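Q: Got a minute to look at a structure with me? I'd like to go through a few residues.

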Amino acid sequence: TRIASHIFEGLYEFDYLATPAKVIPNTAETLPEISADGRVWTIRVKRGIRFADDPVFKGKPRELVAEDYVYSIKRSLDPNLRGGGDPAVTDLIEGARPVIDAAKKPGAKFDYDAPIAGLRALDSHTLQLKLLQPDYTILERLAVLPTMAVAREVVEAAGNDVMSRPVGTGPYVLKEWKRASRVVLEANPHYRKVAFPSSSDPAHQAVVAQ
């Protein structure tokens with residue numbers, strides 16, 4: 001998980017300096033716009049973020065878009081994947097339960113093209129979540145590994161080798177992996193410039209300056 005979090009990125013992340021823990025934007029432009037009843041969350045994805053290179057992209061830049069998070073969140077709910085899905089979030093997102101239940105039937109697979117009313121890309125860089133009831137812990141869920149962005153075409157091309165072919169938008173890419181022995185990461189040449197977080201707390205000034 002610690003290695004993967006340097007390869008993949010969520011919409012949000014935890015502020016490195018904050019105590020207690022605080023969620024801040026990462027690939028999202030700002031914190032979510034939340035409706036008055038707490039059920040509709042609108043999130044805008046930063047433009048210009050791109051995935052690391054992969055042969056499936058055929059040498060062309062592949063920008064991160066809202067649909068990548070729709071797909072990635074669906075993967076986090078898929079009961080047939082290694083993680084077994086997320087029942088709590090399944091019952092939180094409007095329209096997710098019927099899709100998950102269909103995927104649990106004998107011989108069935110998760111239909112990634114099946115629409116989920118509460119999980120949509122309104123446009124190329126706007127994600128909308130509709131919840132059955134208010135639950136503000138969803139923000140923290142959008143900062144952890146299962147919901148970090150992957151490109152659908154990479155996952156589908158990799159098939160059973162998806163674990164050894166991680167392609168994300170994070171600061172590092174996988175250079176070498178010898179199972180149970182060695183992992184080598186190298187800098188992602190397409191990673192955007194990111195500044196160390198600022199802080200008004202006097203106790204943090206030394207580390208911020210460094």
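A: Here is a short chat about three residues, taken in turn.

A: This is a predicted model, so local features need pLDDT of at least 70, side-chain atom pairs count only at pLDDT 80 or more, and totals for chains, interfaces and linings use all residues. Residues are numbered from 1 along each chain as its sequence is written, and side-chain values use heavy atoms, with hydrogens and water left out.

Q: Where is Glu 33 found?

A: In strand E3, residues 33–34. Strands (E, at least two residues) and helices (H or I, at least four) are DSSP runs, numbered from the N terminus.

Q: Which side chain joins Glu 33 in a polar contact?

A: That of Arg 44, at 3.2 Å. A polar contact is a pair of N or O atoms within 3.5 Å; within protein, one must be able to donate a hydrogen and the other to accept it, and residues adjacent in sequence count only if both atoms are side-chain atoms.

Q: New topic. Is Thr 147 buried or exposed?

A: Buried, with a relative accessible area of 9%. Buried means under 20%, exposed over 50%, partly exposed in between (1.4 Å probe, protein chains only).

Q: And which backbone oxygen lies 3.2 Å from a polar atom of its side chain?

A: The one of Val 144. Thr 147 sits in the loop between helix H4 (138–141) and helix H5 (152–158).

Q: What about Asp 15, buried or exposed?

A: Asp 15 counts as buried, at 14% relative accessibility. A polar atom of the Asp 15 side chain lies 2.9 Å from the backbone nitrogen of Leu 17.
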